[in-house]
Amino acid sequence: NNGPTPDAYAAINQVRTRAGLPNLTPGLSQIAFTDALLTERLAEFLGEGRRWMDLKRTGRLASTLTRYGFRANKNELF
């Protein structure tokens with residue numbers, strides 16, 4: 001399967017409906033759906049410290065940190 005399942009749409013749309021937001025557009029690619037899901041989690045769990053693990057788990061941590069000036073082998077330590 002190259003895209004999200006109907007169950008995946010139902011789950012995210014349940015959260016969006018509760019928040020008063022429109023449903024996601026059907027037919028998104030797997031990448032577009034994942035982007036929408038991560039954006040949803042960012043808004044839903046704002047301030048709860050979950051963003052780091054979402055980015056790390058999906059392989060997006062380095063690209064996200066690079067936008068903020070992070071450089072490997074230089075900025076790992078405080």
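**Figure 1. Overall view of the protein chain in the predicted model.** Helices and strands are runs assigned by DSSP, with at least four residues for a helix and at least two for a strand. On this basis, the secondary structure of the protein chain amounts to 4 helices and 0 strands. Read from the N terminus, the order of elements is α-α-α-α. The protein chain has 78 residues, of which 18% count as buried. Its accessible surface is about 6200 Å², and carbon and sulfur atoms contribute 58% of that area. Among the contacts with a separation of 6 or more, 38% are between residues 24 or more positions apart.

**Figure 2. Close-up of helix α2, residues 30-44.** This helix holds 15 residues, so at 1.5 Å a residue it should span 21 Å. The C-alpha atoms at its ends lie 21 Å apart, in agreement with that expectation.

**Figure 3. Buried residues of α2 and the helices they pack against.** Four residues are shown: Phe-33, Ala-36, Leu-38 and Glu-40 of α2, which are buried. The buried residues of this helix pack against α1, spanning 6-18, and against α3, spanning 51-57.

**Figure 4. Close-up of Asn-13 in helix α1.** Asn-13 has a relative accessibility of 12%; because the cut-off for a buried residue is under 20%, Asn-13 counts as buried. When its neighbours within four places in sequence are set aside, Asn-13 is in contact with Asn-23 and Leu-24.

Terms used. Residues numbered from 1 in each chain as written. Predicted model: local features only at pLDDT ≥ 70, side-chain atom pairs only at ≥ 80, totals over all residues. Heavy atoms only, no water. Buried < 20%, exposed > 50% of the residue type's maximum accessible area, 1.4 Å probe, protein only. Contact = heavy atoms within 4.5 Å. Areas by Shrake-Rupley, 256 points an atom, 1.4 Å probe, with all protein chains shown as cover. Expected span 1.5 Å × (residues − 1).
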